[in-house]
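User: I'd like to understand the reasoning behind the labels people put on a model like this. Could we go through them together?

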Amino acid sequence: MAVFEPEAEVAIRDAEETGGDVIGRSPWALAGRRLVRNKLALAAFVLFLLIVAVSFAAPLYARHVAHTDPFVSNLSGSFQQNGKTVQVIQQGTGKLGLGETPIGPTWQAKYLLGADEQGRDVAARVLYGGRASLEIGIGSAALACLLATVFGLIAGFFGGWTDSFLSRAMDLVWAFPVYLLAISLATVLLTAPNGLDLGIVRVGASSLWIPLLIIGLIYVPYVYRPVRGQVLSLRQKEFVEAAIAQGAGSFRLIFREILPNVASTVIVLLPLMIATTILTESALSYLSIGVQAPQASWGTIIDDGQALLYTRPWVAIAPGIMIVLTVLALNVFGDGLRDALDPRSKVRMK
Amino acid sequence: MLAFTVRRLVGLVAVMFALSVLVFLIFFATPGIDPARQMAGRNPSPDTIKNIRHEFGLDRPLPVRYALMMEHMFISRDLISYGSHTRVVPQIISATPVTLSLVVGAAVLWVLFSIVFGVAAAVLRGTFFDPLLMVLALIGISMPVFWLGEVANLITQDKLHGSVFSWVPPPGYTPLTQNPWQWFLHLLIPWLTLSVLYIGFYARVLRANLIETENEDYVRTARAKGISERRVLLRHTLRTSMITFVSLFGLDFGVLVAGGALLTEVVFGLPGVGQLTYNSLTGLDLPVIMTTVVYAAFFITLASAAVDLVYAWLDPRVRPT
Amino acid sequence: MAEPLLEVEDLKVSFRTEDGIVHAVDGVSFTVAEGEVVGIVGESGSGKSVTMLSVMRLITDPNVSYEGEIRYKGRSLMALSREAMREVRGEEIAMIFQDPMTSLNPVYKIGWQIEEQLREHTKVSKGEARRRSVELLRQVGIPNAAERIDDYPHQFSGGMRQRVMIALALSCNPDLLIADEPTTALDVTIQAQILELIKNLKTEFRSAVVLITHDLGVVADIADRILVMYAGRIVEEGDKEQIFYDPQHPYTWGLLGSIARLDRPKPRRLTAIAGQPPSLINRPRGCNFRPRCPQAFERCRREEPQLTQKVGDGHLDACHLPVEDKRARRGETIDPALAESA
């Protein structure tokens with residue numbers, strides 16, 4: 001028998017004899033398996049999808065269930081409840097017996113959660129608001145991640161002046177406290193009488209694009225930093241050097257070798273970013289510098305509900321509950337995703 | 001040490017300058033913005049607008065306007081607010097104690113509770129307390145702070161005001177020097193509201209850090225030395241985990257003092273720097289905006305420098321030998 | 001014969017993982033006598049570290065389970081309460097680890113770290129603890145001990161840090177010192193110094209030493225007895241002469257063949273042991289080493305060899321080959337150049 005045996009043959013003989021598992025699994029498959037085992041994270045993801053589905057089904061709800069248009073004032077309207085005709089805005093049922101109060105929750109198809117001070121169906125508005133909040137939340141998070149990935153790849157890979165310039169710019173934007181930057185940009189862009197006018201593109205002040213762009217831009221530095229850091233460390237790894245030695249061009253290197261590794265970092269960050277952007281948008285809308293009328297978002301409805309807080313609390317509470325559920329689901333799912341892709345804690349197993 | 005301080009001071013001034021220029025440009029150089037029209041009120045005549053423009057120096061070139069504003073802010077210290085027509089600097093000075101009261105109180109609460117929860121979750125890993133605490137923490141960071149404030153108000157001012165929460169005063173602020181007890185009562189619910197978010201965040205961070213540090217070789221050495229588990233936890237695991245905790249805390253605290261607590265201030269009617277910043281931004285009150293931005297930049301850079309110092313004190317490896 | 005200091009009897013350590021149960025240590029038995037130096041040699045994954053970490057009960061993984069007995073001075077260590085085990089650690093059995101850079105807490109001065117251990121186990125005043133620490137540092141060869149005692153770990157070189165670890169370990173006069181790959185992370189020249197230090201201190205402190213390493217060359221000078229471990233089991237056991245001059249197991253031959261030696265006339269190839277260690281979840285039938293063994297034959301596939309004494313007093317091995325065949329063939333592995341020229 002030979003003293004030296006090629007490793008491959010030994011491995012094959014091993015597999016035949018041991019009868020054990022020698023199947024290699026890719027890191028993605030391993031991660032997927034771990035994620036699927038995490039029931040809580042999966043449930044959270046399903047919850048999030050449910051909220052998205054329900055919110056985007058808002059027009060269906062408004063038309064077929066509540067039979068109402070939640071963007072039209074209904075101050076003098078009335079409807080049938082339990083066979084009786086009920087005024088939407090009622091006289092003096094508030095605590096102090098003054099003025100008019102919208103109807104409270106009926107817990108039925110029409111005006112499920114009651115009406116707001118304009119007589120509009122709160123439940124329907126909350127669903128539409130969800131649509132706006134989710135569009136802005138997901139859109140801005142995706143935008144931030146996209147830009148950060150592009151900039152991070154360029155800066156980390158090419159280094160030198162490009163890196164210096166980009167990183168300084170990011171540092172400057174990040175030096176601005178988020179609230180300051182967001183409020184400044186929002187105020188400025190919303191006060192401009194013609195909205196955002198870039199010559200070729202004109203975006204109206206009530207468009208959802210303005211908050212989306214603002215929030216997307218301010219969070220770019222947050223994702224940029226880890227992406228760039230990872231690109232820097234990957235660039236020095238052996239497999240990149242090996243690829244360069246084989247004559248691979250820059251773009252191929254970026255796409256085939258580095259991007260897949262960076263992708264996992266960004267994927268883990270995405271749900272957490274969406275959670276953050278949803279919270280930021282709701283804060284801006286609450287302060288009246290986010291989503292503008294006639295559009296509605298969860299934040300604007302909470303703002304609307306402030307005046308009615310002690311008489312019709314559901315107007316303010318309902319959208320908040322939606323935010324909490326959505327953000328919680330995203331956080332739990334994001335945690336599960338991170339654990340699946342990078343398991344470090346030793347958990348007791350059955 | 002001297003070189004370090006000098007470098008930091010220069011950095012401080014540089015950041016204050018950079019931020020003030022940026023904000024100035026955002027508010028003045030963005031096409032379509034006209035503070036004069038804003039200040040002129042409803043349906044102004046062209047003459048009114050022109051007068052306002054001249055009165056506030058808005059018809060001068062950009063760099064001149066900036067220089068003038070800086071001069072009024074720091075040198076003659078008589079910068080006038082567009083909105084209230086009073087001096088700006090005293091406005092900020094009177095708003096600062098309110099913000100400090102809110103933020104320091106909340107900070108004490110959140111540091112205490114996050115350490116307790118974070119350590120408890122790490123020590124009780126494997127029992128049901130750990131996931132329970134972490135879910136609570138997650139809920140904490142998932143609630144918009146302004147909504148939580150509204151809910152708190154709903155409960156304490158209305159629903160349970162007659163019974164459990166009869167002692168809660170209406171929203172507002174009483175200075176400490178005027179009436180300490182009222183000061184405390186006014187701030188208690190705001191403290192709790194503001195700290196919920198941060199307790200959630202820091203408890204999770206601390207727990208993750210503790211678990212990671214558990215696997216470090218020097219913790220294994222400490223156990224091999226035969227030291228009690230409690231001492232290993234406090235003197236070895238926690239001690240090194242606190243380094244990250246303190247760094248993050250310093251930055252968050254700095255941002256809050258700089259005006260980041262504005263949502264809480266608005267919801268609870270506390271006339272602090274945050275509320276002042278918000279009102280000035282939406283009212284396009286440039287002098288106040290600029291002053292609050294400079295104030296904010298100052299505190300944030302100060303906090304960052306303080307964090308560096310404390311970091312060096314906590315971790316001997318980064319000290320300059 | 002006097003009662004052995006440490007007795008390990010049929011120790012089995014397994015871990016539940018998401019891929020199945022890993023049998024890291026699968027029936028290991030050995031003893032350590034007072035003042036004896038035992039070397040445990042094996043490659044990564046052979047279970048040598050897990051064995052000694054189990055003796056110290058330092059394994060924190062909640063998914064671990066133990067079988068078997070570990071007795072120290074007659075007392076069962078497994079049965080001790082956490083408190084009692086704490087007292088054993090550091091005071092009776094001490095352990096030093098592979099990487100001195102990460103094994104010392106970076107935020108405390110080394111004097112503080114030695115004093116912490118002293119004051120945990122003995123009732124000394126702060127001043128006395130400090131004096132003792134300086135003395136220990138001097139004994140392990142740290143120059144300017146009285147000043148260096150107030151330095152932080154990152155201010156020492158690798159070799160110096162390991163000396164500090166040794167000082168720490170010996171501070172309470174333990175009767176047994178476990179050294180887990182103490183020289184692996186150090187330069188070759190420093191390695192020799194540290195091994196020399198351990199040898200001297202063993203005489204001075206009269207403690208037994210268990211030296212864990214993957215390199216037989218490391219234990220050549222210092223060990224009294226050597227255990228060779230493979231895939232969680234002991235495959236050969238004997239005293240220094242027996243292992244080096246009459247090795248009985250093909251794995252030991254592989255280890256010997258891979259040592260670079262200066263005393264051979266011609267430069268020769270180092271033999272590598274082809275293949276990978278077996279899965280500790282699904283062990284192969286028969287002999288665990290068979291897939292990589294150049295001498296394997298039919299019986300090796302069917303029957304697992306037992307660790308028994310075949311050639312000399314206290315010299316055990318787990319191999320089916322007849323002794324004469326072993327002695328004839330081992331030259332191929334240990335010294336191919338000599339075998340070719342023979």
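User: How many salt bridges are there over all chains?

Analyst: In this predicted model, the rule counts 42 salt bridges over all chains.

User: What makes Arg231(B) and Glu116(C) a salt bridge?

Analyst: Their side chains meet with N and O 2.7 Å apart. The cut-off is 4 Å between a side-chain nitrogen of Lys or Arg and a carboxyl oxygen of Asp or Glu, so the pair qualifies. Arg231(B) sits in helix α10 of chain B and Glu116(C) in helix α4 (residues 110-121) of chain C, so this pair joins two chains.

User: Is there a general reason why such side chains pair up?

Analyst: Opposite charges on side chains can pair when the charged atoms come close.

User: Which of the terms buried, partly exposed or exposed fits Glu116(C), and which fits Arg231(B)?

Analyst: Glu116(C) has a relative accessible area of 5%. Buried means under 20%, so Glu116(C) is called buried. Arg231(B) comes to 26%. That value lies between the 20% and 50% limits, so Arg231(B) is partly exposed.

User: What makes Glu7(C) and Arg71(C) a salt bridge?

Analyst: The closest N and O atoms of Glu7(C) and Arg71(C) are 3.3 Å apart, and the limit is 4 Å, so the pair counts. This pair links distant parts of the chain: Glu7(C) belongs to strand β1 (residues 6-17) of chain C and Arg71(C) to strand β4 (residues 64-72) of chain C, 64 residues apart. Glu7(C) has 23% relative accessibility, so by the 20% to 50% range it is partly exposed.

User: And how do you know that Glu92(C) and Lys73(C) form one?

Analyst: By the same kind of check: the N to O distance is 3.1 Å, and the cut-off is 4 Å, so the label applies. Glu92(C) lies in the loop between α2 (82-88) and β6 (93-96) of chain C, while Lys73(C) lies in the loop between β4 and β5 (75-76) of chain C, 19 residues apart. Glu92(C) has a relative accessible area of 21% and Lys73(C) one of 37%. Partly exposed runs from 20% to 50%, so that term fits Glu92(C) and also fits Lys73(C).

User: What joins Asp116(A), Arg120(A), Arg125(A) and Asp304(A) into one network?

Analyst: Salt bridges that share partners join these four residues of chain A.

User: Now the interfaces. How many residues of chain B and chain C are in contact?

Analyst: 23 residues of chain B touch 28 residues of chain C. The two chains bury about 2,300 Å² between them, with 56% of that on carbon and sulfur atoms. On the chain B side, Arg220(B), Ala224(B) and Lys225(B) lose the most area to chain C, together 26% of what that side buries. The rule finds 2 salt bridges across this interface, and 12 residue pairs are in polar contact.

User: Which helices of chain B each supply at least two residues of the side that touches chain C?

Analyst: They are α9 (217-224) and α10 (229-260), and α10(B) gives the largest share, 7 residues. That side of chain B divides into 6 nonpolar, 6 polar and 11 charged residues.

User: What is there between chain B and chain A?

Analyst: 45 residues of chain B are in contact with 42 residues of chain A. The buried area is about 3,800 Å², and carbon and sulfur atoms give 75% of it. Phe146(B), Trp147(B) and Glu150(B) lose the most area on the chain B side, together 16% of what that side buries.

User: How do you know that Asp335(A) and Arg204(B) form a salt bridge?

Analyst: The closest N and O atoms of Asp335(A) and Arg204(B) are 2.8 Å apart, and the limit is 4 Å, so the pair passes. The rule finds 1 salt bridge across the interface of chain B and chain A, and 9 residue pairs are in polar contact there. Among the elements giving two or more residues to this side of chain B are α1 (2-28), α6 (129-142) and α8 (180-214). The largest share, 8 residues, comes from α7(B). The residues of this side divide into 28 nonpolar, 11 polar and 6 charged.

Key:
Residues numbered from 1 in each chain as written. Chains lettered and ligands numbered in written order. Predicted model: local features only at pLDDT ≥ 70, side-chain atom pairs only at ≥ 80, totals over all residues. Heavy atoms only, no water. Contact = heavy atoms within 4.5 Å. Buried area = accessible area lost by both parts, 1.4 Å probe. Polar contact = N/O pair within 3.5 Å; in protein donor to acceptor, adjacent residues only side chain to side chain. Helix = DSSP H or I, 4+ residues; strand = E, 2+ residues; numbered from the N terminus. Nonpolar A, V, L, I, M, F, W, Y, C, P; charged D, E, K, R; others polar. Buried < 20%, exposed > 50% of the residue type's maximum accessible area, 1.4 Å probe, protein only.
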